[in-house]
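Q: Please take a close look at one part of this model, the second largest pocket, and describe what surrounds it.

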Amino acid sequence: MRVVILGGTGFIGSALVKALLRAGHDVTVSSRRVRPQEDGGPAYARWDGQSPQTLAEICKGAAAVVNLLGENIGAGRWTVARREAIIQSRVRAGEAVSAAFALLDKAGDALPKTLIQASASGWYGLWPDLATAPDCTEDAPAGSGFLAEVVRRWEASSAPVEALGVRRARIRTAPVLGKGGGVLARMLPLYRWGLGGPAGTGRQPFPWIHLDDEAGAIVFLLEHPEISGPCNLCAPEQTDAAGFARALGGVLHRPAFLRVPAVVLRLALGQMAEELLLNGQRYAPRKLLEAGYVFRYPNLDGALAACV
């Protein structure tokens, strides 16, 4: 099938492009600048990230669209301006997709049959202790907090395509482990120097997924038209922040016992620390497992060993 990827040059998008090409699909990546197409690589189409008219032309004839666009939530302290940028970068992209599909429908052009809409584990709210956190499946209600608000608005931004008969899967992704980016990019230098350790109590849930499984699960969803709605993209194995720290220290053969006090994190990062570091979500990839997806990295030790 021909798949259009919005956000195909980022950490997850680049891995997804490679996975789709390996699976034999044709890939078009939207970009603010057009790059020459290399032999066996994706095609690139210029898009400013906002214009529905241009996006409609890019999506014409595609079987599916994957929308991964959104500002990095961990790139800086959550000032008022930063919060607005995080929300609007996601909402504008989703609304542009909805408007582009509506334009195709109005013109009588065939619509893409599938939209994979990026989302995140933040939907489920904030839980400070793995032992008492609920095990959330895809039918769990939205929680509270800034990230839950972001995810609610993010998912809602592309909801209108369903009224046009488009299958929409919302991928609630856990922190992604992989080489060259994701949550490990900032952690690895400290751990390699023996300065790693959990934040706060270390009891908070720490969901995760390996980059290969993130891309593999998206390809799986594209190729399984019976799956729609919210889909949890996380590894089956559950752990807390202390367990993650021990595992990462173990694969690096470094100590990982230096805790960063919660009060220090709150002073330095404010609400960002509360939601990204001191709380988490315990949730399971029920739909993927029931549909037969086989995780390449179901266990944390193996996933981390492949990243370092």
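A: This is a predicted model, and the chain as a whole comes before the pocket. Of the contacts in the protein chain with a separation of 6 or more, 78% are between residues 24 or more positions apart. Buried residues account for 53% of the 308 residues. A compact globule with 308 residues would have a radius of gyration near 19 Å, and the chain agrees, because its value is 19 Å. The C-alpha trace spans about 60 × 40 × 40 Å along its principal axes. The chain contains 11 helices and 10 strands.

Now the pocket itself. The second largest pocket holds about 320 Å³ of space. Its lining has 15 residues, and those nearest the centre are Ala 15, Arg 22, His 210, Leu 211 and Asp 212. Two or more lining residues come from each of helix H1 (11–22) and helix H6 (211–222). H1 gives the largest share, 6 residues. By type, the lining consists of 6 nonpolar, 4 polar and 5 charged residues.

One of the residues nearest the centre, His 210, also belongs to a sheet: in strand E9, His 210 is the bridge partner of Leu 177. Strand E7 (residues 176–178) runs parallel to E9, and 2 bridges join them. The open sheet has 3 strands in the order E8-E7-E9, with mixed pairing. Strands E8 (181–182) and E9 (209–210) are at the edges with a single partner strand each, so one side of each has no neighbour in the sheet.

Technical notes: Residues numbered from 1 in each chain as written. Predicted model: local features only at pLDDT ≥ 70, side-chain atom pairs only at ≥ 80, totals over all residues. Heavy atoms only, no water. Pairing = 2+ DSSP bridges. Helix = DSSP H or I, 4+ residues; strand = E, 2+ residues; numbered from the N terminus. 1 Å grid on protein atoms, 1.4 Å probe; cavity = no way out; pocket = protein on both sides within 12 Å on 5 of 7 lines; lining within 4 Å. Points joined across faces, edges and corners; volume = space filled by probe spheres on them. Nonpolar A, V, L, I, M, F, W, Y, C, P; charged D, E, K, R; others polar. Rg over C-alpha atoms; globule rule 2.2 N^0.38 Å. Buried < 20%, exposed > 50% of the residue type's maximum accessible area, 1.4 Å probe, protein only. Contact = heavy atoms within 4.5 Å.
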